[in-house]
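Please open the model in your viewer and keep the selection panel at hand. This tour proposes one selection after another and says what is there.

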Amino acid sequence: MKGTLATGLLLIALAAAAVPAAGQKWTAPQTPWGHPDLQGLWTNATVTPFERPAELADKPVLTEQEAAEFEKRFAQARDADRRVGAGTDADVALAYNQFWYDRGTKVVGSRRTSLVMDPPDGKVPALTAEGQKLADARAAARRQSPADGPEDRPLAERCILWPTAGPPMIPVGYNNNYQIFQTPDHVAILIEMIHDVRIIPLGAQPHASPGIRQWLGDSRGRWEGNTLVVTTTNFTNKTNFRGSDANLRLTERFTRVSADTLNYEFTVDNPTAFTRPWTAAVPMTRTEGPLFEYACHEGNYGMTNLLKGARAAEQVTEGR
Amino acid sequence: MRHRITGAMSAGAAAVVVAAISLTANPTAGQAPAGQTPAAPAAARQAPARPAPAGQAATTYKAPRSAFKDGKPDLNGIWQANNTANWDLQDHAARQGPLIELGAAFSIPAGLGVVEGGEIPYQPWAAAKKKENAANWLKLDPEVKCYMPGVPRAAYMPYPFQIVQTPTAILIAYEFASASRTIYMNSKDESPADTWMGWSRGRWDGDTLVVDVTSFNDQTWFDRAGNFHSDALHVVERYTPASRDVLQYEATIEDPKVFTRPWKISMPLYRRVEKNAQLLEYKCVEFVEELMYGHLRKKTK
Amino acid sequence: MNLMGTKIIVALVGVGMLCAAASVRAHHAFAAEFDAQKPIKLEGTVTKVEWINPHAWIHIDVKRPDGTVEQWMIEGGTPNTLFRRGVTKTSLPIGTVIVVDGYKAKDGTLKGNGRDLTFKDGRKLFIGSTGTGAPNDPADTPR
């Protein structure tokens with residue numbers, strides 16, 4: 001299939017870009033039972049944007065010098081200690097000092113200008129008519145009732161699910177940390193936010209039946225050579241990854257390409273929502289532990305505060 | 001080793017006996033292939049009506065070894081308690097539940113306690129607080145709000161949990177509230193702050209996984225009966241394979257701010273043996289939002 | 001670097017950076033909780049620190065000119081990023097005087113977000129591993 005071939009070639013290119021310099025052959029370590037060893041602590045924090053900006057449509061890869069310059073400018077532009085303009089929502093949204101953030105400081109090893117790899121223009125493909133209808137309905141609901149009740153708020157604010165867990169697993173402004181554990185018949189991924197654990201059975205057992213729907217879907221894994229391939233289905237109908245719906249079928253590929261780099265790539269296959277499948281790669285690099293507990297709901301003063309704030313704002317506008 | 005052998009089973013039983021003998025003779029020979037786990041000694045197969053008193057000899061069962069070839073027992077799997085400890089750690093009679101509408105579907109069943117010696121040694125002020133907790137259970141029990149259950153309660157919530165074991169760290173994922181904890185093996189690291197699920201450091205004592213848990217906040221309860229602790233809580237857990245499908249679980253609880261001395265609970269944990277057993281999601285935050293935030297909802301005209 | 005290269009980098013930074021690798025909606029919408037029209041600048045004494053997620057909260061006593069004491073709660077970020085740099089629950093002792101530059105809660109209560117947290121001498125909180133403002137520890141150590 002064309003999509004799979006393109007994905008495979010991209011993966012090889014990515015792997016080639018990430019391995020150590022010639023003259024130093026690196027052999028992938030194995031677990032005692034002969035599986036590639038992906039274990040340890042990893043982070044996917046990066047400054048590379050998810051989609052390729054329009055200005056860079058013809059520049060899929062940066063040179064080393066351009067990448068260094070970009071990283072420097074990113075750090076300056078995103079420095080939360082730079083006050084944008086006091087008294088604006090933008091300043092409020094920057095929220096707090098730089099020391100609370102940990103966005104990452106580097107572009108991805110391949111220096112591509114987007115995490116989206118396929119389509120080649122580095123942009124998420126268009127939604128189908130059905131997908132657009134769903135997106136419009138979701139946007140309308142947000143405009144209509146931005147804070148009538150907790151269910152109007154994003155999943156992260158409700159402490160239900162964070163983009164770092166997905167799947168697919170995408171970095172955010174901080175705590176982009178993962179710990180991988182392996183046994184002969186399972187791979188487990190501990191995700192710092194929100195203490196989610198993905199336990200992926202290896203082997204031939206089928207996915208859960210369609211009656212089981214989960215926020216993180218239902219995953220099954222297998223080894224293809226040195227690559228762990230994980231397919232995930234059974235998402236809920238509240239799943240929304242850039243416009244996805246409950247029919248999302250996600251394929252993730254994990255390949256360790258050096259001591260410190262784990263190539264992570266995912267393909268979104270969701271024909272009711274997107275006009276074509278698409279693939280992105282978010283490499284993971286070794287990081288130091290430990291992961292810390294991220295108990296979210298237990299400390300979620302923010303939900304109470306923002307609902308109270310919304311009610312207070314309504315009283316003002318209603319002139320009471 | 002006493003066990004009944006029928007004609008149909010004799011060949012399999014013979015293989016089991018051979019495997020048992022070879023495992024006993026050479027404990028580091030690597031893991032036994034599936035299906036050749038030695039039969040549990042008869043004494044361990046009879047689950048006692050009361051928890052085993054402290055000091056009783058450990059089971060003679062020897063679990064298969066970890067695939068990491070470190071000589072340690074393999075505790076991987078999905079496990080679940082099957083008792084009423086989450087209702088009440090102590091002996092209790094059946095009684096009316098908190099919501100009339102739920103009738104017999106949610107009243108409180110009778111149960112035998114899991115506390116060794118039966119008594120939870122509260123300091124006088126704490127005994128009064130426990131009574132107050134029990135009287136205001138629905139309002140105060142953190143379980144009702146889908147808060148993470150802490151340790152040891154997570155082990156005996158009526159939901160399964162899964163152990164994923166490696167030599168350097170053991171991950172335990174709990175179905176309730178997607179809670180999880182990592183047991184750092186042979187570690188001296190300390191937690192920077194207080195947590196819901198504690199900070200766990202593990203080591204092996206023969207075939208028993210011993211976990212030292214500290215750095216708790218004071219927010220969790222031990223059960224629905226209002227049994228509680230402070231942020232000085234210190235728990236030492238012991239997980240011992242008792243048979244192929246049973247882990248013997250013990251937890252010693254110490255809290256000098258609340259109790260007059262340490263005390264101990266113990267119970268079996270049972271493997272979920274269904275062929276395709278897996279943890280599912282119980283992300284209960286959704287189910288408590290109306291309870292917790294409904295009073296802040298926009299009033300419809 | 002040539003002019004074209006610089007233009008490219010500036011473009012990348014300017015346009016793509018609003019939401020580097022994550023959906024904008026995913027991050028906590030502070031603008032829903034705090035009021036851009038109600039800036040605050042407070043000096044207060046730390047009475048309690050909640051090292052919790054999703055946001056740490058620093059409780060401070062603020063003495064008003066008329067002598068009354070107001071009890072404020074100041075919202076910070078996730079403490080996990082601080083823990084990774086060696087900060088612990090003892091790093092901001094009770095009694096420490098801090099300055100809060102931020103915005104007041106929309107619901108009118110004595111809460112604010114800590115848009116900029118400093119000590120009285122202007123040093124930022126939590127720079128360095130001990131939180132004492134050790135000048136040689138950079139804010140964002142590359143890992």
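Domain bounds, as the word is used here, come from an automatic or database domain assignment. This is a predicted model, in which local features need pLDDT of at least 70 and side-chain atom pairs count only at pLDDT 80 or more, while totals for chains, interfaces and linings use all residues. Residues are numbered from 1 along each chain as its sequence is written, and chains are lettered from A and ligands numbered from 1 in the order in which they are written.

**Chain A: domains and a helix**

Begin by selecting 2–18, 26–62 and 110–317 of chain A, which together are domain 1, and then give another colour to 63–106, which is domain 2. The centres of domain 1 of chain A and domain 2 of chain A, taken over C-alpha atoms, lie 23 Å apart. Where they touch, domain 1 of chain A contributes ten residues and domain 2 of chain A contributes 13 residues, where two residues are in contact if their C-beta atoms, placed from the backbone, lie within 7 Å. On the side of domain 1 of chain A that touches domain 2 of chain A, there are five nonpolar residues, four polar and one charged; here Ala, Val, Leu, Ile, Met, Phe, Trp, Tyr, Cys and Pro count as nonpolar, Asp, Glu, Lys and Arg as charged, and the others, Gly among them, as polar.

Next select residues 129–144 of chain A, which form helix α4. Helices (H or I, at least four residues) and strands (E, at least two) are DSSP runs, numbered from the N terminus. The expected span of a helix is 1.5 Å times one less than its number of residues, so the 16 residues of α4 of chain A should span 22 Å, and its end C-alpha atoms are indeed 22 Å apart. Is this helix well covered or hardly covered? α4(A) is hardly covered, with one buried residue among its 16, where a residue is buried if 20 or more other C-beta atoms lie within 10 Å of its own, exposed if 12 or fewer, and partly exposed in between, with C-beta atoms placed from the backbone.

**Chain B: a barrel and a contact**

Now show chain B alone, where there are six helices and nine strands. Follow the strands from β1 through β2, β3, β4, β5, β6, β7 and β8 to β9 of chain B: in this order the nine close into a barrel with mixed pairing, and two strands pair if DSSP finds at least two bridges between them. Zoom in on β3(B) and β4(B), which pair in the antiparallel sense over five bridges, and find B:Ala169, which stands opposite B:Tyr184 in β4(B). Of the 301 residues in chain B, 38% are buried.

Bring chain A back, and 36 residues of chain B are in contact with 38 residues of chain A. On the chain B side, α6(B) gives the most, with four residues, and this side divides into 18 nonpolar, ten polar and eight charged residues.

**Chain C: the last stop**

Finally select chain C, which has three helices and five strands, running α-α-β-β-β-α-β-β from the N terminus on. Among its 143 residues, 42% count as buried. Its contact with chain A takes 56 residues from chain C and 65 residues from chain A. Select α1(C) to see the element that gives the most to the side of chain C that touches chain A, with eight residues. By class, that side of chain C has 31 nonpolar, 15 polar and ten charged residues.
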